[in-house]
Amino acid sequence: MTAVKKTTLPKEVSDLTEEQALRQIKRGSQDALAWFIDRYTAYVSTIVSNILGPAAASADLEAIASDVFFAFWTHAKEIRPGKAKAYLGSIARNKAKESTRKTGRELPLEDDMLVISSGTPERELEKREQAAYIRKAVLALREPEREIFLRYYYFYQPVSTIAEEMGLEPANVKTKLFRGRKKLKEVLEKGGYFVEA
């Protein structure tokens, strides 16, 4: 797939709702794919850029974004209405992480980030249940901890960006991340999940 570029869409395409565009892309419409590229290129690029870091070449960012939209295109029939943005975000994170593994670069993670014990890898059902419980626990955090937590761990935004966009001091963001991790750990342990510090 060629590099992702935003284009001027014909009026009949640009006026589509997301649900209509999703229905059309499932029938193989390239115009519908262009609709999603036009709407979500900035979103996908931001996630990829946050994971790869400032040293990433723009050609790498474009290549990964192209891979994301190609995967979206080929798996369109699996996407439920209202879930397109989340699906694109998930693909973007996976493709960017895959790229860091291929180049031998490790993602920078804080020492005290939560690690859920995976047990035996073949137990997919248990993993899905854990993921659902974690999601529920994160959404139960109060604001602004929840937004900061999601920005940092889900969208891979650096502390400085979160602080600037939310009008906070970087030290304040770090404190709220620490408190959010502590609350999340308590919720998970109450739910019977082992959490490694």
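**Figure 1. Overview of the chain.** Accessible areas were calculated by the Shrake-Rupley method with a 1.4 Å probe, and for residues only the protein chains shown count as cover. For this chain the accessible surface is about 12200 Å², and carbon and sulfur atoms account for 52% of that area. The model is predicted, so local features need a pLDDT of at least 70 and side-chain atom pairs count only at pLDDT 80 or more, while totals for chains, interfaces and linings use all residues. Residues are numbered from 1 along each chain as its sequence is written, and side-chain values use heavy atoms, with hydrogens and water left out. The chain contains nine helices and two strands, taken as DSSP runs numbered from the N terminus (helices: H or I, at least four residues; strands: E, at least two). Read from the N terminus, the order is α-α-α-α-α-β-α-α-α-α-β. Buried residues (under 20% relative accessible area; exposed is over 50%, partly exposed in between; 1.4 Å probe, protein chains only) make up 33% of the 197 residues. Of the contacts (heavy atoms within 4.5 Å) between residues at least 6 apart in sequence, 66% join residues at least 24 apart.

**Figure 2. Confidence along the chain.** The predictor's confidence in each residue is given as pLDDT, from 0 to 100. Its average over the chain is 76, and 74% of the residues score at least 70. Helix 2 has the highest confidence, with a mean of 90, whereas strand 1 (residues 115-116) has the lowest, with a mean of 43. Over residues 106-122 pLDDT stays under 50, and the model has 30 contacts beyond four places in sequence for this stretch.

**Figure 3. The largest nonpolar core.** A nonpolar core is a set of buried Ala, Val, Leu, Ile, Met, Phe, Trp, Tyr and Cys residues joined through side-chain atoms within 4.5 Å. The largest one holds 31 residues, and Ile25, Phe36, Val44 and Phe72 touch the most other members. At least two residues of this core come from each of helix 2, helix 3 (30-52), helix 4 (58-74) and helix 5 (84-102). The biggest contribution is that of helix 3, with 12 residues. Beyond its neighbours within four places in sequence, Phe72 is in contact with Ile25, Phe36, Ile79, Ala84, Tyr87, Leu88 and Ile91. A second core, separate from this one, has 14 residues, among them Leu141, Phe149, Leu177 and Leu188. In soluble globular proteins, nonpolar side chains tend to be buried together.

**Figure 4. Leucine 33 in helix 3.** Leu33 is part of helix 3. With a relative accessibility of 8%, Leu33 counts as buried. Its C-alpha atom is 9.1 Å from that of Phe70, although 37 residues separate the two along the chain.

**Figure 5. A salt bridge within helix 2.** A salt bridge requires a side-chain nitrogen of Lys or Arg within 4 Å of a carboxyl oxygen of Asp or Glu. The count for the model is six salt bridges. In this view, the side chains of Arg23 and Glu19 form one, with an N to O distance of 3.6 Å. Both residues belong to helix 2 (residues 18-26) and are four residues apart, about one turn of the helix. Each partner is partly exposed: Arg23 has a relative accessible area of 43%, and Glu19 one of 47%.

**Figure 6. The salt bridge between Glu145 and Lys183.** The N to O distance between these two side chains is 4.0 Å. Glu145 is in helix 7 (residues 145-154) and Lys183 in helix 9 (residues 170-190), so the pair ties together parts that are 38 residues apart in sequence. Glu145 is buried, at 8% relative accessibility, whereas Lys183 is partly exposed, at 34%.

**Figure 7. Surroundings of arginine 151 in helix 7.** Arg151 and Glu165 form a salt bridge in which the closest N and O atoms are 2.6 Å apart. Because Glu165 lies in helix 8 (residues 159-166) and Arg151 in helix 7, the pair ties together parts that are 14 residues apart in sequence. Glu147 joins Arg151 and Glu165 in a network of salt bridges. The relative accessible area of Arg151 is 16%, so this residue counts as buried. The other buried residues of helix 7 are Glu145, Ile148, Phe149, Tyr152 and Tyr153. Apart from neighbours within four places in sequence, Arg151 is in contact with Tyr156, Gln157, Ile162, Glu165 and Met166. Of these contact partners, Tyr156 is located just after helix 7 and has a positive phi of about 55°.
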